[in-house]
Amino acid sequence: MATAGKVIQCKAAVAWEPNKPLVIEEIEVAPPQADEVRIKIVATAVCHTDLYHLFEGMPKDGFPAVLGHEAAGIVESVGPEVTEFQPGDKVIPLFLAQCKECRFCKSPKTNQCELGAMVGKESRFTCKGKKVLQFAGTSTFSEYIVIHQIAVAKIDPAAPLDKVCLIGCGICTGYGAAVNTAKVEPGSTCAVFGLGAVGLAAVMGCKAAGAKRIIAVDLNPDKAEKAKVLGATDFVNPKDHNKPIHEVLAGMTNGGVDYSVECVGNVEVMRSALESCLPAWGVSVIVGWTEMFDIKIRPPHLISGRTWKGSMFGGFKGKDGVSEMVKAYLDKKLQLEEFITHNMTLDQINDAIELMKQGKCVRVVMSVSPE
């Protein structure tokens, strides 16, 4: 492409400081260096993790930054030593790398990558003469990004980028938590706490795994219908009951569910999800992210036989899992359209963030560049 090897000036939504609206700016994106790929972002969605960085975690050394990590695009150019990609490839950037060489990548026990920590440390963004940080190694609220090749998944050229962008975070995270981490079994009973995109994807994963009963739990009654479309058999709003939610679920399931998945990022809910499991063999998976509080439980909660697990990116290895999920969508084995409640443009990023803050959307997909 004509831009290969040159600095690209393009549009991006910059978070200059925490707890403030993002600003659409013209930024410079440097050419890719060795092992790097420059990608034109076609579509990106807003995920709660973006909001967490902006409004909750607010790390002092985390700004200015370009947020965004759930996206799909097209390779514009590649740096030296890149052999896996070429210009024109359809790709999904990964916040969870897969080098395929380290001991973590070679182990079936984890989807972590030992080299993943280096991805995004060296940002290729500048704006108004200042270095702008890369968020989660990706920063997809920009027309162009530069990313290490171990953090890019090549996908089927037939894939519609404005749909499969969701596979870059929320869908894999929830679906895989049920299928890969909890290992939900056919005929089992499940509870999913929190019905944002990740929780709804967990509901979909429970159904795909053959669960016979899937109880969706959320404080927002508007989420019930969408949960049922994706496979929930019951909806429970804790506000409708005058006893703790784990007691409500125990009463509905003869002592507790076989599997619970927490998709909120609230330590009280994490405890409730664990307590909702059958003490003898229940498995509870923590998916929601927070670094702000400790969890308190009593040892008997686990001693009796429960298992408590954590799940990042649904246990999928980055490159392999994303390609596999895109194929599942193209084979009509995975629903994505049902998650997209709004379509916007990058210029409307603050409206998209507001919708998510107020719980009025599942996923807002923003068109960033023409395909």
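This is a guided tour of a predicted model, moving from its two domains to its sheets, one helix, one strand residue and three salt bridges.

**The two domains**

Begin by colouring the chain by its domain assignment, which gives domain 1 as residues 8-168 + 335-367 and domain 2 as residues 174-312. The C-alpha centres of domain 1 and domain 2 lie 29 Å apart, and the contact takes 14 residues from domain 1 and 15 residues from domain 2. Between them the two domains bury about 1,200 Å², with 64% of that area on carbon and sulfur atoms. Next select Tyr52, Gln335 and Phe339, which supply 43% of the area that domain 1 buries against domain 2, more than any other three residues. If you look for salt bridges across this interface, the rule finds 0 of them.

**The open sheet**

Now select the open sheet of 6 strands, whose order is E13-E12-E11-E14-E15-E16 and whose pairing is parallel. Strand E13 (234-236) and strand E16 (307-310) stand at the edges, and because each has a single partner strand, one side of each is left without a neighbour in the sheet. As you step from one strand to the next, the twist averages 20°.

To see one pairing in detail, select strand E15 (residues 283-286) together with E16, which pair in the parallel sense over 4 bridges; here Ser284 has Trp308 in E16 as its bridge partner. Then add helix H5 (residues 197-208), which lies across strand E11 (189-193), strand E12 (213-217) and strand E14 (259-262), and which runs at about 170° to E11.

**The barrel**

Move on to the closed barrel of 5 strands, which runs E1-E2-E7-E8-E4 with mixed pairing. Within the barrel, strand E2 (residues 23-29) and strand E7 (residues 125-127) run antiparallel and are joined by 2 bridges, and the bridge partner of Glu28 in E7 is Thr126.

Strand E8 (residues 130-134) holds Leu133, a good residue to select next. Is Leu133 buried, partly exposed or exposed? With a relative accessible area of 32%, Leu133 is partly exposed. Apart from its neighbours within four places in sequence, Leu133 is in contact with several residues, among them Phe63, Pro64, Val66, Ser123 and Phe125. Select Val14 as well, and you will find that its C-alpha atom is separated from that of Leu133 by 9.5 Å, although the two residues are 119 residues apart along the chain.

**An enclosed strand**

Select strand E9 (residues 144-148), where 5 of the 5 residues are buried, so the strand is largely enclosed by the rest of the structure. In a regular strand the side chains alternate between the two faces of the sheet. In E9, Tyr144, Val146 and His148 are on one side and Ile145 and Ile147 on the other, and both faces are covered. Strand E3 (residues 36-45) runs antiparallel to E9 and is joined to E9 by 5 bridges, with His148 in E9 as the bridge partner of Glu36.

**Helix H1**

Helix H1 (residues 48-57) comes next, and its buried residues are Asp50, Leu51, Tyr52, His53 and Leu54. These buried residues pack against strand E1 (8-15), E3 and helix H11 (349-357). Just after H1, look at Met58, which takes a positive phi of about 40°.

**Three salt bridges**

Side chains of opposite charge can pair when their charged atoms come close. A search of the whole structure finds 15 salt bridges.

For one of these, select Glu25 and Lys128, whose closest N and O atoms are 3.2 Å apart. Glu25 is in strand E2 and Lys128 in the loop between E7 and E8, 103 residues apart. Glu25 counts as buried at 11% relative accessibility, whereas Lys128 counts as exposed at 63%.

Then select Arg363 and Glu70, whose side chains meet in a salt bridge of 2.7 Å, N to O. Arg363 lies in strand E18 (residues 363-367) and Glu70 in strand E5 (residues 70-78), so this pair ties together parts that are 293 residues apart in sequence. Arg363 counts as buried at 3% relative accessibility, and Glu70 is buried with a relative accessible area of 0%.

End the tour at Glu371 and Lys90, which form a salt bridge with their closest N and O atoms 3.2 Å apart. Glu371 is in the segment after E18, while Lys90 is in strand E6 (residues 90-93), 281 residues away in the chain. Glu371 counts as exposed at 56% relative accessibility, but Lys90 is buried, with a relative accessible area of 13%.

Technical notes
Residues are numbered from 1 along each chain as its sequence is written. This is a predicted model: local features need pLDDT of at least 70, side-chain atom pairs count only at pLDDT 80 or more; totals for chains, interfaces and linings use all residues. Side-chain values use heavy atoms; hydrogens and water are left out. Two strands pair if DSSP finds at least two bridges between them. Axes are lines fitted to C-alpha atoms, for helices over the stretch in contact, and angles run from 0 to 180 degrees between N-to-C directions. Contact means heavy atoms within 4.5 Å. Buried means under 20% relative accessible area, exposed over 50%, partly exposed in between (1.4 Å probe, protein chains only). Domain bounds come from an automatic or database domain assignment. Buried area is the accessible area (1.4 Å probe) that two parts lose on being put together, summed over both. A salt bridge is a side-chain nitrogen of Lys or Arg within 4 Å of a carboxyl oxygen of Asp or Glu.
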